[in-house]
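Visitor: I am new to this structure and should be grateful for a close look at one part of it. Please begin with the pairing of strands, and then set that part beside the rest of the chain.

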Amino acid sequence: MEPVIDQACAAALYAEGDAALDTGASLLAAAPEADDALHRRGEEFVRRAWERGWHPADLVRFVRLELDERRAVLAATLIAAETARYGELPPRWRAQLAELPGAAPRNKPDRFGYASDLLELYRLLLRLPAIEPVGPVPGTAADHLHRPPAPGEPRMLTRIRALLAKAEATGFPEEAEALTSKAQELMARHSIDEALIAARTRSTETPGACRIGVEPPYESAKAILLDAVASANRCRAVWNGDLGFSTVVGFEADLEAVELLFTSLLVQGTAAMTRAEAGQRASGRKRTKTFRQSFLMAYAQRLGSRLADTTERATAAADMDTDTETGAGTAEGTSGLLPVLAARDVAVTETAERMFPRTTTTRVRGATDLDGWNHGTEAADRARMGDHRKGPHGGPRDGEIMA
């Protein structure tokens, strides 16, 4: 059946236009005995995506952005089949696979339409650009050598996850604030503890990276929020707007914190934005996307300063604790903690610069709706990380982000 597949692919994948797709789909629709070989060809294309640096979530997200949800489900089906051949996968891969949509039924709504969808998907997969790898390709020797420990996540992360889940679920802003503040305190302490343990045991761990989806709408505001969360957790974030994600560089414990906190703050911010917009509409004033864009920009920028303050205070408190425990402090307040954190910051920066030697600072569109900005600032105050003091409100302005 390979000749039929080759003929259909030659007709559809290496030529432009709908007519080429129709020709290839017609050939496949007339050859039901080629179905299995057609899917195996798709699994080969998926494997090539891994070799170009893509991960399952990245691939499905990109297909959804470039094509539609129907083709994204087809991509997920191929991904599940391709990755099933590996006896073991890194934890981040397993987590991504668990969140993929279910398998698509074959030949629905009809053989021609299904074949056309597959060929259009294959055309996109063949043209995927190579991106910066954030881990070894599954099944390679490097994957085996560098895979993180397999046991379940540390108890501290389980507690943090539970606190953030409660913060997202509650309808009371004060309760959400208290829960999120506690989660951030635990995150900061967990990061510091991991750094001290690594220093004491002379760990050879080096910074890694992960990719986090930053999808429309309002992707620039979301990217600024992710950048703030990453910076507060001693990571670096680089946004690729064309591909719909940011790459976050840092040590593994900090990457886990960034993923958890960004997801939670985005859920909380979206819920607060929906409530604020409903209040605006109830008062008789209609708001467009400018209200939502301004809301999320204010939310992201306000949280950025709050997160930075919280990290600074947590580090200072931990530094004092280290002085007390070890007696290593000096008159200038220097202890063993700050050099350890500084060394990790340098390692993260160097890794990010190796991965992205040509980043640029991109100006994003500023907020233009004052009500949206004020509501977003208030929502950020309610979600603030461990700071119960009110500071002066800033005004709408353009933002900047690494891209």
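Guide: In this predicted model, strand β2 is joined to strand β3, residues 245–250, by five bridges, and the two strands run antiparallel. Two of the facing positions may be named. W239 has S246 of β3 opposite to it, and A237 has V248 of β3 as its bridge partner. The two strands form a hairpin, with four residues lying between them. In the turn of this hairpin, G244 has a positive phi of about 80 degrees.

The hairpin belongs to an open sheet of three strands, whose order is β1-β3-β2 and whose pairing is antiparallel. At the edges of the sheet stand β1, residues 208–213, and β2, residues 236–240, each of which pairs on one side only. If direction is ignored, neighbouring strands in the sheet are turned against each other by 25 degrees on average. Helix α11, which spans residues 219–232, packs on this sheet and touches β1, β2 and β3. The direction of α11 makes about 165 degrees with that of β2.

The rest of the chain may now be set beside this part, beginning with its nonpolar cores. The largest nonpolar core holds 47 residues, and W50, L59 and Y122 are the ones that touch the most other members. Two or more residues of this core are given by each of α1 (2–12), α2 (18–29), α3 (35–51), α4 (56–66), α5 (69–83) and α7 (111–126). Helix α7 supplies the largest share, nine residues. Another core, of 45 residues, lies apart from the largest one, and V248, L260, A276 and M297 are among its members. V248 thus links the two topics, for this member of the second core is also the bridge partner of A237.

Y122 deserves a closer look. Its neighbours within four places in sequence left aside, Y122 is in contact with L13, L38, H39, G42, F45 and L78.

Two of the helices that contribute to the largest core, α5 and α7, also pack against each other, at an angle of about 75 degrees and with their axes 10 Å apart. The two helices are therefore roughly perpendicular. On the side of α5 the contact is made by R70, R71, L74, A75 and L78, and on the side of α7 by Y114, D117, L118, E120, L121 and Y122. Seven of the residues in this contact are nonpolar, none is polar and four are charged.

Two neighbouring positions complete the picture. A34 lies in the loop between α2 and α3, and A34 is buried, with a relative accessible area of 1%. From A34 to P3 the separation is 31 residues in sequence, while their C-alpha atoms are 9.5 Å apart in space. D35 has its place in helix α3. Although charged, D35 is buried as well, because its relative accessible area is 13% and buried means under 20%. Beyond its neighbours within four places in sequence, D35 is in contact with R106, N107 and R111.

Technical notes
Residues numbered from 1 in each chain as written. Predicted model: local features only at pLDDT ≥ 70, side-chain atom pairs only at ≥ 80, totals over all residues. Heavy atoms only, no water. Core = buried A, V, L, I, M, F, W, Y, C linked by side-chain atoms within 4.5 Å. Buried < 20%, exposed > 50% of the residue type's maximum accessible area, 1.4 Å probe, protein only. Contact = heavy atoms within 4.5 Å. Axes fitted to C-alpha atoms, helices over the stretch in contact; angles between N-to-C directions. Parallel < 35°, antiparallel > 145°, perpendicular 65-115°, else oblique. Pairing = 2+ DSSP bridges.
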